[in-house]
Amino acid sequence: MIQCFISNIGNLKEYRRRGIGTKLFQKLEEWAITHNILRLELTVATQNEIGVSL
């Protein structure tokens, strides 16, 4: 199994709620499909409401 780890990604406050995280994860999903990666996992602190909503 191939594994890939990306850690500690965030947006500055002035760039939040613009869909950047969603777009990033969509591109990651596209990349994963082309590289036969079968699982993506996002870990978010429960108090990070913006991250949880992603």
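**Exercise 1. An asparagine before the first helix**

Does N8 count as buried or exposed, and at what relative accessibility? Work this out on the predicted model shown above, then add where N8 sits and what its backbone does.

*Solution.* Begin with the position: N8 belongs to the segment before α1. Next comes the accessibility. The cut-off for exposed is over 50% relative accessible area, and N8 counts as exposed because its relative accessibility is 77%. Finally, look at the backbone: N8 is not a glycine, yet its phi is positive, at about 60 degrees.

**Exercise 2. A second asparagine**

Find where N36 lies, and describe its phi and its accessibility.

*Solution.* Start with the location, which is the loop between α1 and α2. Then check phi: N36 has a positive value of about 55 degrees, although it is not a glycine. The last step is exposure, where N36 counts as exposed at 63% relative accessibility.

While you are in this loop, have a look at H35, which is also found between α1 and α2. H35 is partly exposed, because its relative accessible area is 38%. From here you can step along the chain to Q47, 12 residues apart from H35; the two C-alpha atoms are separated by 33 Å.

**Exercise 3. Salt bridges**

How many salt bridges does a search of the whole structure find? Describe the pair K27 and E30 and the pair R39 and E41.

*Solution.* The search finds 2 salt bridges. Take helix α1 to begin with. The side chains of K27 and E30 meet at 3.6 Å, N to O. These residues are separated by about one helical turn, because they are 3 residues apart in α1. Now compare their accessibility: K27 is exposed, with a relative accessible area of 54%, whereas E30 is partly exposed, at 45%.

Then turn to R39 and E41, whose side chains form a salt bridge of 2.6 Å, N to O. Both R39 and E41 are exposed.

**Exercise 4. The largest pocket**

Characterise the largest pocket by its space, its central residues, the elements that line it and the make-up of its lining.

*Solution.* First, the space: about 1,300 Å³ lies in this pocket. Second, the residues: 38 line it, and those closest to its centre are I9, F25, L42, T43 and L54. Third, the elements: α1 (20–34) and α2 (49–53) are the ones that give two or more residues to the lining. Of the elements, α1 gives the most, with 7 residues. Fourth, the chemistry: the lining divides into 20 nonpolar, 13 polar and 5 charged residues.

**Exercise 5. A nonpolar patch and the chain as a whole**

Which residues form a nonpolar patch on the surface? Set the patch beside the overall figures for the chain.

*Solution.* The patch consists of I6, I9 and L24, which together have about 310 Å² of accessible area. Look at I6 within it: this residue is placed in the segment before α1, and it counts as exposed because its relative accessibility is 55%. I9 has turned up before, among the residues closest to the centre of the largest pocket.

Now zoom out. The chain has 2 helices and 0 strands, and its C-alpha trace spans about 35 × 20 × 15 Å along the principal axes. Of its 54 residues, 6% count as buried. The exposed area comes to about 5,300 Å², of which carbon and sulfur atoms supply 54%.

How values were computed. Residues are numbered from 1 along each chain as its sequence is written. This is a predicted model: local features need pLDDT of at least 70, side-chain atom pairs count only at pLDDT 80 or more; totals for chains, interfaces and linings use all residues. Side-chain values use heavy atoms; hydrogens and water are left out. On a 1 Å grid over the protein atoms alone, a cavity is a set of points where a 1.4 Å probe fits but cannot get out, and a pocket is an open set with protein on both sides within 12 Å along at least five of seven lines; lining residues have an atom within 4 Å of a point. Grid points are joined across faces, edges and corners, and a volume is the space filled by probe spheres set on the points. Helices (H or I, at least four residues) and strands (E, at least two) are DSSP runs, numbered from the N terminus. Ala, Val, Leu, Ile, Met, Phe, Trp, Tyr, Cys and Pro count as nonpolar, Asp, Glu, Lys and Arg as charged, and the others, Gly among them, as polar. Patches are made of residues with over 30% relative accessible area and no salt bridge: like charges are joined within 9 Å, nonpolar side chains (Val, Leu, Ile, Met, Phe, Trp, Tyr) within 5 Å. Accessible areas come from the Shrake-Rupley method with a 1.4 Å probe; for residues, only the protein chains shown count as cover. A salt bridge is a side-chain nitrogen of Lys or Arg within 4 Å of a carboxyl oxygen of Asp or Glu. Buried means under 20% relative accessible area, exposed over 50%, partly exposed in between (1.4 Å probe, protein chains only).
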